[in-house]
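Q: I'm new to this structure and would like a close look at a single part of it. Could you take me through the place where the two chains meet, and what surrounds it?

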Amino acid sequence: MTKNIMIVGVGGQGTLLTSRILGGVMENAGYEVKVSEVHGMAQRGGSVVTFVRYGKDVAEPIVEEGQADVLIAFERLEALRYANFLKKDGVLIVNDWRIDPISVVMGTAQYPENIIENLERTHTVYRINAMEEALRLGNSRVFNNIVLGMAAKHMEFDREDWLKVIEAKVPPKTVEINTKAFLVGYEK
Amino acid sequence: MSEKKMMLGNAALARGAWEAGVKVSSAYPGTPSTEISEELVKYPGVYAEWAPNEKVAAEVAIGASFAGVRSLACMKMVGLNVAADPVYSVSYIGADGGLVFVVADDPGLYSSQNEQDTRRVCRAAVVPCLEPADSQEAKDFMKYAYEISEKFDTPVIIRTTTRLAHSQCEVEICDRVEPEDKEYKRDPFKRVMMPGMAKKRHLVVEQRMKDMEEWACSQPFNKVEMGDMTIDGKKIGFITDGIPYQYVKEVCPNASILKLGMCNPLPRKMIEDFAKQVDVLYIFEELEPVIEEQVRAWGIDCIGKELFTIQGEYSANMIRERVLGMDLGIEPTPQIPPRPPILCPGCPHRATYSVLKKLKLHAAGDIGCYTLGALAPLAVVDTTVCMGSSISSLHGMEKAKGHDYIKNWVAVIGDSTFMHTGINSLINMYYNQSHGTVIILDNRTTGMTGHQDHPGTGKTLSGETVPAVHFPTLIKGIGIQNVKVVNPFDTEELTRVLKEETQKEELSVIIAQAPCALLKSEVHPYKVQPLPEKCVHCGACLQPGCPALTKNEDGSIRIDATMCNGCGLCMKMCRFGALEQVKA
Ligand SMILES: Cc1ncc(C[n+]2csc(CCOP(=O)(O)OP(=O)(O)O)c2C)c(N)n1
Ligand code: SF4
Ligand code: SF4
């Protein structure tokens with residue numbers, strides 16, 4: 001059975017690193033893995049999505065509507081935008097954080113209220129304010145590993161599997177803080 | 001020993017080039033092709049460079065091929081338009097050392113200004129085209145490409161797409177081969193394209209394609225997978241190429257599939273035989289009906305674009321719905337505010353645009369991060385065609401309507417784009433006596449494609465420090481006297497200069513110089529924070545549209561300290577001193 005994971009967020013939030021850590025863990029577990037990323041224009045603050053698929057035989061590299069087992073969202077509005085990619089029994093991990101699109105900043109559109117509460121009615125949702133937790137660790141940039149930690153708890157791999165890959169994929173100087181960050185999410 | 005490694009399609013292409021013994025590579029960045037060069041330069045024994053544009057890159061590769069070594073040029077599909085001139089002619093000349101061009105298409109327009117299909121150009125230029133469907137094939141096909149190039153004495157194009165270029169899967173790593181350099185023998189009848197020679201070469205080119213067409217029917221990159229899938233008792237088959245093959249495999253692993261690894265020339269006999277063995281034939285190809293048109297021209301019945309689209313990326317769901325007739329019950333995407341890309345917090349282009357906006361100037365735009373200035377709230381960029389076009393189109397407007405007509409216009413062009421083709425347009429303005437105002441948005445990098453160096457930055461692809469092209473000297477060398485360098489964050493000065501220059505009866509160039517906010521060297525020691533007691537809720541600071549600033553319910557301002565880069569532009573907008581710089 002192929003499993004489908006999506007990471008969504010705002011360009012610049014580091015979805016690429018997260019997808020590569022996910023891919024690394026699954027590769028080590030002996031699965032065939034495909035990762036599909038977004039580079040280029042969308043990285044400038046646009047809505048971004050990356051896909052990770054693993055299993056015995058994986059053909060297409062993308063996850064399509066209605067097919068995601070796990071949706072990891074780094075921002076609330078993006079969670080809502082891609083919620084229809086989740087399977088009926090899929091799991092949503094959401095960073096309880098808001099980044100206003102420019103139309104909202106300029107007052108020509110409204111940021112939807114109660115996004116997470118509404119999604120909870122139809123989906124299994126785990127939420128965390130990873131940005132706040134990351135600031136508590138002293139580095140806002142590690143928030144994505146906190147979210148990943150929370151997602152990891154709902155996946156089949158062991159804690160050590162994750163830590164090994166994080167150590168290999170993040171810049172050497174940041175291994176300690178990224179490991180700490182991951183564990184904050186993992187142990188929530 | 002064989003080792004496997006996760007690789008992006010682009011990294012696999014680089015690996016393949018290296019394993020094939022490539023010695024020279026030249027490219028101009030362009031999503032989704034950029035990483036090929038960035039990866040290739042890491043390997044030993046390869047010279048890899050950034051050229052100022054794709055035409056130059058292609059010609060460098062051609063020169064290296066003349067010298068007898070395997071060479072490469074990489075570009076995005078619109079780059080092939082720029083390089084079309086050498087590519088069409090080198091098709092006649094052929095290849096000494098293997099000559100490969102990688103051209104990356106962008107179905108779905110993730111980062112491009114159009115959705116053109118490189119396979120059409122391959123047919124027009126009579127150049128063979130290979131199409132990998134995953135990273136492993138990307139590497140393998142690169143090696144085939146060099147073999148084909150040398151066997152048939154032809155350049156070869158490898159066509160990729162965004163999805164292939166930016167997807168990762170496992171790739172088997174092999175060693176590098178070191179093919180012997182070809183010896184150079186003068187042969188003007190082959191390498192000098194004058195009418196007399198080209199006439200004869202044209203015959204060779206057409207025969208070459210015929211030979212390849214037959215040969216391709218028995219090559220491993222074109223493969224038939226016979227299956228037993230039926231719909232309503234009818235045996236179905238797909239002809240497909242590149243990434244769409246993966247969607248077919250995802251949904252119909254038991255269908256009969258003819259997977260084309262080479263889409264030019266098409267293996268006619270193979271296709272005819274395959275078509276005979278199925279009852280319903282689908283052609284599943286992204287973008288243009290290139291395969292379909294040819295298959296139909298051979299009198300073979302098929303289903304193609306009447307069912308699938310010419311626009312956008314394909315998907316497995318497309319097959320589920322349109323071929324299998326499944327109702328997927330997919331919830332519609334909710335009606336929520338879209339999130340288009342925007343200029344980064346601290347982007348120097350925002351500073352320039354805030355001044356243009358205040359002065360109510362229109363901008364003839366160009367291609368780069370600064371194209372985003374077309375969108376609200378800045379909305380100062382009125383036109384964008386292709387790289388370099390800002391300057392030439394402003395010139396055209398002036399020649400159409402006179403200088404007064406464009407006194408409220410400027411051309412805006414990035415530093416990398418200026419080096420790419422903008423310089424030609426500026427020479428034209430000088431030569432043909434235009435009086436317009438050109439702003440070079442000089443952020444010291446090729447921002448949009450992920451911060452590559454160019455001739456103006458003083459660094460090469462391999463990280464070597466070299467003398468930088470000095471823009472004021474270059475421009476003055478043309479003969480243009482009126483060149484000003486301004487820091488765009490000095491908005492008062494930029495305002496003054498712009499007011500003056502746009503009214504002058506003289507061509508002027510303003511170099512708005514401040515580094516891209518994402519350059520590692522560019523760290524401000526400050527952040528900006530609001531002082532609520534002084535804020536009158538006027539919203540002036542929001543006007544440039546920095547994403548770090550938002551309005552609270554009560555109209556007061558909030559600055560996201562994790563996003564603010566301390567550029568100070570918002571402070572300049574505020575007349576009440578309600579924003580202050582604090583130590584970061
Ligand atoms: C012919 C062509 N080649 C390459 C590209 C890809 N591309 C888009 S913008 C850009 C360069 C932008 O750099 P610059 O002009 O310095 O502006 P910045 O993004 O730094 O603001 C490139 C290479 C393209 N669109 N067209
Ligand atoms: S990458 Fe640089 S040039 Fe592009 S929007 Fe960001 S700051 Fe501006
Ligand atoms: S100083 Fe103001 S304009 Fe500049 S990045 Fe910070 S919030 Fe944005």
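A: Here is a walk through the contact between the two chains, starting with the overall picture and then following one strand and some charged pairs. Keep in mind that this is a predicted model.

Let's begin with the contact as a whole. Chain B puts 55 residues into it, and chain A puts in 45 residues. Between them, the two chains bury about 4,200 Å², and 59% of that is on carbon and sulfur atoms. On the chain B side, the residues that lose the most area to chain A are Gln168(B), Pro337(B) and Arg339(B), which together make up 18% of what that side buries. Hold on to Gln168(B) and Arg339(B), since both names come back below.

What holds charges together across this contact? The rule finds three salt bridges across the interface of chain B and chain A. One of them is formed by the side chains of Glu78(A) and Arg339(B), with N to O at 2.5 Å. Polar contacts can be counted as well: there are 18 residue pairs of that kind across the interface, with both residues at pLDDT 80 or more. As for where chain B's side comes from, the elements that give two or more residues to it are β1 (3-8), β8 (167-173), α11 (244-251), α14 (316-322) and β22 (549-551). Sorted by class, that side has 27 nonpolar, 16 polar and 12 charged residues.

Now zoom in on β8(B). This strand pairs with strand β2 (residues 32-36) of chain A, in the antiparallel sense and over two bridges. You can pick out the partners by name: Ser36(A) has Ser167(B) as its bridge partner, and Val35(A) stands opposite Gln168(B). That is the Gln168(B) listed among the residues of chain B that lose the most area to chain A.

The strand β8(B) has a partner in chain B too. Six bridges join β1(B) to β8(B), and these two run antiparallel. Here Glu3(B) stands opposite Ile173(B). So how enclosed does that leave the strand? Five of the seven residues of β8(B) are buried, so the strand is largely enclosed by the rest of the structure.

A residue to look at in this strand is Glu172(B), which has its place in strand β8 of chain B. Glu172(B) is partly exposed, with a relative accessible area of 30%. Leaving out residues up to four places away in sequence, Glu172(B) touches Ser2(B), Glu3(B), Lys4(B), Gln136(B) and Lys139(B). Glu3(B) and Lys4(B) fall within β1 (3-8) of chain B, the strand that β8(B) is joined to by six bridges. For a sense of scale, the C-alpha atoms of Glu172(B) and Leu266(B) are separated by 28 Å, with their positions 94 residues apart along the chain.

With the strand in view, let's step back to the charged pairs elsewhere. Side chains of opposite charge can pair when their charged atoms come close. Over all chains, the count comes to 50 salt bridges.

In chain A, one of these joins Arg127(A) and Asp96(A), whose closest N and O atoms are 3.1 Å apart. This pair links distant parts of the chain, 31 residues apart: Arg127(A) is in strand β6 (residues 124-128), while Asp96(A) is in the loop between β5 (86-95) and α3 (102-105). Arg127(A) counts as partly exposed at 33% relative accessibility, whereas Asp96(A) is buried at 17%.

In chain B, Lys55(B) forms a salt bridge with Glu59(B), and their closest N and O atoms are 2.7 Å apart. Why do these two sit about one helical turn from each other? Because Lys55(B) and Glu59(B) are four residues apart in helix α3 (residues 54-66) of chain B. Lys55(B) is partly exposed at 31% relative accessibility, and Glu59(B) is partly exposed too, at 33%.

Another chain B pair is Glu501(B) with Lys504(B), the closest N and O atoms being 3.1 Å apart. Glu501(B) is buried, with a relative accessible area of 0%, but Lys504(B) is partly exposed at 24%. Salt bridges can also share partners, and in that way Asp105(B), Asp117(B), Arg119(B), Glu131(B), Arg159(B), Asp241(B) and Glu285(B) are joined into one network.

Methods:
Residues numbered from 1 in each chain as written. Chains lettered and ligands numbered in written order. Predicted model: local features only at pLDDT ≥ 70, side-chain atom pairs only at ≥ 80, totals over all residues. Heavy atoms only, no water. Salt bridge = Lys/Arg side-chain N within 4 Å of Asp/Glu carboxyl O. Buried < 20%, exposed > 50% of the residue type's maximum accessible area, 1.4 Å probe, protein only. Contact = heavy atoms within 4.5 Å. Buried area = accessible area lost by both parts, 1.4 Å probe. Polar contact = N/O pair within 3.5 Å; in protein donor to acceptor, adjacent residues only side chain to side chain. Nonpolar A, V, L, I, M, F, W, Y, C, P; charged D, E, K, R; others polar. Pairing = 2+ DSSP bridges.
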